[in-house]
Structures are given as C-alpha cells and as structure tokens.
Amino acid sequence: MSISIPLNTTLHFSPSSSTSLVPSSSLFSPIHSTAVAVCGIRQRCLRMVTSCVSYAQSSVQNGASDAVSVVGRNQIRLGLPSKGRMAADSLDLLKDCQLFVKQVNPRQYVAQIPQLPNTEVWFQRPKDIVRKLLSGDLDLGIVGLDIVGEFGQGDEDLIIVHEALNFGDCHLSLAIPNYGIFENINSLKELAQMPQWTEERPLRVATGFTYLGPKFMKENGIKHVTFSTADGALEAAPAMGIADAILDLVSSGTTLKENNLKEIEGGIVLESQAALVASRRALTERKGALETVHEILERLEAHLKADGQFTVVANMRGTDAEEVAERVKTQPSLSGLQGPTISPVYCKRDGKVSIEYYAIVICVPKKALYESVKQLRAVGGSGVLVSPLTYIFDEETPRWSQLLSNLGL
C-alpha cells in the first residue's frame with residue numbers, strides 16, 4: 001500500500017501518544033468536504049503505518065537485549081577485521097597455522113577456510129564483530145581486547161578463548177598535558193586531588209571509549225569528570241582547549257610525546273592485544289562449534305608456542321648417554337623445553353657398528369640461540385645444526401581445559 005502526502009504537509013509527533021502523527025493545520029484548510037474526508041483517511045492510514053513502524057522498532061530493541069537462541073544455520077561463522085593492520089595480521093596468523101582464508105573477490109565480505117569446511121569467514125569492523133557475537137550472527141571472532149571491553153561491556157555471553165595472539169599490542173591509557181597546571185602531576189591520585197575539579201568545572205576527558213572511561217573513573221573514585229566523544233586525533237583536544245585530558249590507545253607513546261602529552265602512574269585502563277573471542281551460546285548450542293574452536297585453538301597454540309623457538313642439534317663424544325647428559329646439564333642454556341634429548345649416533349668402522357658420538361637435541365628461544373651454541377661447543381659439541389620451529393603440540397593445550405571449565409563442561 002502506498003500513501004501520498006501533500007508536499008506542504010508537516011508531520012508532528014502528538015504529545016499524547018508516541019505512536020500517532022498529527023498533520024499540521026494546513027492539511028485541514030476549508031477547501032471542501034471531500035478534501036477533508038480524504039485527509040481523514042490519510043490521517044488514519046498514517047497512524048496505522050506509524051504504529052506498525054513503532055511496533056517493529058520496539059521489537060528490534062527488545063530483541064537486542066533478549067537472549068538470542070542459536071538456530072537457523074549449520075555453518076560456523078568466524079568474524080575477522082575487514083581493514084587495517086589488524087586485518088592483515090589476522091590473515092597472516094591463520095596462514096601460519098595452515099588455515100588459509102580463500103576470498104573469491106577482495107570486495108566480498110564473506111570467505112571460506114578449506115581446512116575448516118563447516119566454517120565461514122565474515123569480514124567486519126572490530127566493534128561489529130563484538131556486537132554480532134552478542135546478537136548471534138557470529139560465533140567466533142578475532143578482535144582487540146579493548147574492543148571486547150568497550151562494546152562487550154562485561155556481557156557474560158562473550159568468552160575469551162585465547163587472550164594473547166601476539167599482535168595488536170597496545171594499552172588504553174589516560175594522558176594529560178606535560179605543561180601548565182599539569183606540569184607536576186604524575187599520577188592518577190594527584191590528578192584526582194587537583195582543586196580545580198568541581199561539580200561546576202569537572203575534569204574534561206576526550207575519548208572514544210565512552211563505556212570503559214566512565215567505568216574506570218568511577219572505580220578509582222573520581223567524581224567530578226565529564227566525557228566528550230571523539231574519534232581520531234584526540235591528541236589535539238587539550239591544546240585546542242576542548243578537553244583537559246584524553247583517554248586513548250597507546251602503542252609506543254611517540255604520538256603523545258610529539259603533542260606534549262604524558263601518561264601518568266595508575267592511568268592505564270587495560271592492556272590490549274588481539275584475542276580469539278567466542279559466543280558462549282554458540283559453543284554450547286551450535287552443532288560443531290566447540291569442535292571447530294578446539295581445532296583452531298590447537299593450531300594457534302602450537303604455532304604461538306613455537307614462535308621464536310629454534311631446534312639445535314649437535315654431536316658430542318661420550319662413553320654413554322648419561323655421561324653426555326651430565327656435561328650438557330652443567331650449562332644453563334641447554335635445558336630445552338623439558339630437558340635435552342640425547343640419542344646414540346651409530347657409526348660403522350672396519351665393518352662393525354660402534355657408538356662414539358651422541359646427538360643432543362634441544363629447543364632454545366631466539367634470544368638465547370648464540371649463547372646456547374657457545375655452551376654446546378664448550379662441552380664438546382660439534383657439527384651444530386640450527387633450524388626454526390614451526391609448531392609445538394602439547395599433550396593438551398591448557399587453554400582448552402580452561403575453556404571447558406568456563407563453559408561448565
């Protein structure tokens with residue numbers, strides 16, 4: 001049904017009812033009775049349409065706050081950031097775990113992972129990943145912990161599967177000018193005790209984190225504070241005189257210094273990096289979701305544990321494995337993950353097999369690599385081979401056990 005409304009008609013909300021519209025008096029100008037009758041019909045139609053719209057809006061609002069039942073699809077949906085450094089790093093991490101995201105068209109917002117045939121990838125803005133996890137439109141997501149805190153707002157349906165994916169490192173922090181009345185202010189306590197802040201003149205904070213900011217101030221007993229919402233270039237707000245402080249993400253701190261701002265003791269709201277997040281309802285109700293998370297988690301854990309680790313292999317003369325082990329154990333950098341692996345090297349001399357050497361295999365972090373090689377050589381090691389590790393699979397990842405515990409399983 002279509003409804004025509006004269007161009008010179010103005011619609012106003014009736015103060016007596018939020019679901020009815022009252023046309024302006026120009027609609028009832030005394031032309032003739034037929035016009036009045038038509039207008040009456042239009043008015044009733046408008047009321048009916050407006051009531052339907054109001055009911056639909058109410059249904060959407062109620063639906064957003066009610067528990068969402070996980071029904072209607074069999075595919076597991078994984079949300080990934082659609083743009084920026086987080087997007088590229090998320091794809092690189094999955095690739096390193098042998099999970100290849102196949103996107104037919106780079107402009108498409110949906111993709112597949114052949115290694116997880118029941119899983120779809122949906123590219124979304126980070127904040128929309130969190131919102132859609134809560135609404136039931138996504139089951140899993142990779143997003144920063146700061147976004148989880150700001151847009152998840154402590155909702156119990158969000159569950160952190162892996163909190164440290166080793167990229168996107170930053171922290172949400174309060175920063176103030178390093179000049180003027182703030183020159184000698186170096187802690188949150190000192191900032192709160194400044195006599196300038198009153199109910200009439202509160203501390204003004206510019207931020208894009210309008211949930212975490214007030215929550216942090218309240219938890220720290222700072223009462224006289226107001227927040228103004230802003231996105232991007234927050235560092236200019238104090239110099240422009242529109243804020244006294246800012247609450248923003250900080251990585252290196254260089255941008256703050258270049259804009260004559262400083263962090264203060266006790267002013268860090270949270271530490272953040274990329275995390276794997278899931279919907280509790282999806283993991284417990286959607287078929288296959290928990291199994292998919294288990295596989296993703298095992299791949300992630302194996303890769304992340306091996307990241308920066310090297311296998312070092314050397315040959316060493318010795319009378320037996322125990323004697324070689326005693327020599328190796330005297331060096332602090334040669335303990336490996338659980339201890340060195342020592343096995344005989346079988347040599348053939350004069351047609352007979354003999355054991356003169358033993359092979360030592362250890363796992364060492366990159367920062368201790370050269371020191372470990374020196375220590376191996378110091379106790380008689382030779383022919384040292386070094387190769388980077390790709391995966392370290394444990395008997396069972398501790399985070400999987402923790403996840404099952406959090407789910408009550």
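R85 sits out in the open, exposed at a relative accessible area of 65%, where exposed means over 50%, buried under 20% and partly exposed in between (1.4 Å probe, protein chains only). Its salt-bridge partner is D89, with the closest N and O atoms 3.2 Å apart; a salt bridge here is a side-chain nitrogen of Lys or Arg within 4 Å of a carboxyl oxygen of Asp or Glu. D89, for its part, is buried, at 16% relative accessibility. Both residues belong to helix α2 (residues 84-96) and lie four residues apart, about one turn of the helix. Helices are DSSP runs (H or I, at least four residues), as strands are (E, at least two), and they are numbered from the N terminus.

This is a predicted model, in which local features need pLDDT of at least 70 and side-chain atom pairs count only at pLDDT 80 or more, while totals for chains, interfaces and linings use all residues. Residues are numbered from 1 along each chain as its sequence is written, and side-chain values use heavy atoms, with hydrogens and water left out.

By the salt-bridge rule, the count comes to 18. Another pair within a single helix is E371 and K374, whose side chains meet at 3.6 Å, N to O. They are three residues apart in helix α12 (residues 369-378), so about one helical turn separates them. An α-helix has 3.6 residues a turn, which is why residues three or four places apart point the same way. Both ends of this bridge are partly exposed: E371 has a relative accessible area of 36%, and K374 has 39%.

The bridge between E301 and R399, at 2.8 Å from N to O, is a long-range affair. It links distant parts of the chain, with E301 in helix α10 (residues 289-306) and R399 in helix α13 (residues 398-406), 98 residues apart. E301 is buried at 12% relative accessibility, whereas R399 is partly exposed at 25%. Salt bridges also join up into a network that links R73, D139 and R286.

Helix α6 (residues 212-219) offers a look at burial along a helix: L212, G213, F216 and M217 are buried there. These four cover an arc of only 130° around the axis (taken from the directions from the helix axis to the C-beta atoms), so they sit on the same side of α6. K218 and E219 are exposed on the other side. Just after α6, G221 takes a positive phi of about 70°.
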